[in-house]
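Welcome, and please open the structure in your viewer. Keep the selection tool at hand, and we will go from stop to stop together.

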Amino acid sequence: MVTLPAPVTTFTSPFKMDYTYVAGGGRSLFLRGLARRELLARRCPGCAQVYLPPPEFCSRCLTELSAPFPLAGTGTVRTFCVVNFPFPGQRFDPPYAVAQIQVHGADTRLMHLVREIDSAALEIGMEVEPVWAEEAELTHSLDSIRYFRPVGGSDA
């Protein structure tokens with residue numbers, strides 16, 4: 001039997017890549033709404049698909065989407081993953097849960113943290129609500145939502 005050396009787990013790279021993400025008109029509306037604690041969705045007038053976050057055009061029928069409208073923010077956990085091990089660049093200490101959340105009124109899903117619940121108690125179908133950042137921390141990103149928690153959680 002051949003004994004292999006221990007694997008390399010990290011290395012420093014001399015390469016750096018700068019890039020610019022262009023959100024486009026539809027997703028820019030969504031990102032601006034986050035800075036006001038609003039989840040803005042858009043509906044396709046052709047097939048009635050409701051997008052959150054919304055693009056500019058429907059991915060099903062390529063129709064331009066309607067004007068944005070706010071959703072309450074509560075939603076349902078459709079699937080989730082519990083992260084139990086650390087890795088380089090991690091922002092949170094394990095264990096923590098990341099879920100796909102279907103916000104009520106939307107046909108698409110958001111991926112975000114779920115907290116204020118033991119990961120062993122998290123279930124598919126659980127109702128959750130957003131916990132928003134403090135006013136001074138609101139920004140044009142999903143960081144404006146600290147995490148989602150089970151409906152009826154504490155006022156964190």
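What follows is a short walk through a predicted model, with something to select at each stop.

**Stop one: a surface patch**

Begin by selecting Met-17, Tyr-19 and Tyr-21. These residues make up a nonpolar patch on the surface, and together they have about 490 Å² of accessible area. Now keep just Met-17 in the selection. You will find Met-17 in the segment before helix 1, the helix that covers residues 24-34. Is Met-17 buried or exposed? Its relative accessible area is 71%, over the 50% cut-off, so Met-17 counts as exposed.

**Stop two: a sheet of three strands**

Next, colour residues 39-43, which are strand 1, along with strand 2 (50-51) and strand 3 (69-71). They belong to an open sheet with the order 2-1-3 and antiparallel pairing. Which strands are at the edges? Strand 2 and strand 3 are, as each of them pairs on one side only.

Zoom in on strand 1 and strand 2, where two bridges join the strands in the antiparallel sense. Select Arg-42 here, and look across to Tyr-51 in strand 2, which stands opposite.

**Stop three: Thr-108**

Tyr-51 is also a good stepping stone, being one of the residues in contact with Thr-108. Select Thr-108, which sits in the loop between strand 5 and strand 6, the latter spanning 110-114. Thr-108 has a relative accessible area of 19%, under the 20% cut-off, so Thr-108 is buried.

Now show what surrounds this residue. Beyond its neighbours within four places in sequence, Thr-108 is in contact with Gln-49, Val-50, Tyr-51, Leu-52, Ile-101, Gln-102 and Val-103. For a polar contact, follow the side chain of Thr-108 to the backbone nitrogen of Leu-52, at 2.8 Å. Then add Ala-41 to the view: this residue and Thr-108 are 67 residues apart along the chain, while their C-alpha atoms are separated by 9.8 Å.

**Stop four: Gln-102**

Finally, move from Thr-108 to one of its contacts, Gln-102. Gln-102 belongs to strand 5, which runs over residues 96-103. Its relative accessibility is 17%, so Gln-102 counts as buried too.

What does the side chain of Gln-102 reach? One of its polar atoms lies 3.0 Å from the backbone oxygen of Ala-106. To finish, display the residues that Gln-102 touches, setting aside those up to four places away in sequence: Gly-75, Thr-76, Arg-78, Asp-107, Thr-108 and Arg-109.

Terms used. Residues numbered from 1 in each chain as written. Predicted model: local features only at pLDDT ≥ 70, side-chain atom pairs only at ≥ 80, totals over all residues. Heavy atoms only, no water. Helix = DSSP H or I, 4+ residues; strand = E, 2+ residues; numbered from the N terminus. Buried < 20%, exposed > 50% of the residue type's maximum accessible area, 1.4 Å probe, protein only. Polar contact = N/O pair within 3.5 Å; in protein donor to acceptor, adjacent residues only side chain to side chain. Contact = heavy atoms within 4.5 Å. Pairing = 2+ DSSP bridges. Patch = residues over 30% accessible without salt bridge, like charges linked within 9 Å, V, L, I, M, F, W, Y side chains within 5 Å. Areas by Shrake-Rupley, 256 points an atom, 1.4 Å probe, with all protein chains shown as cover. Salt bridge = Lys/Arg side-chain N within 4 Å of Asp/Glu carboxyl O.
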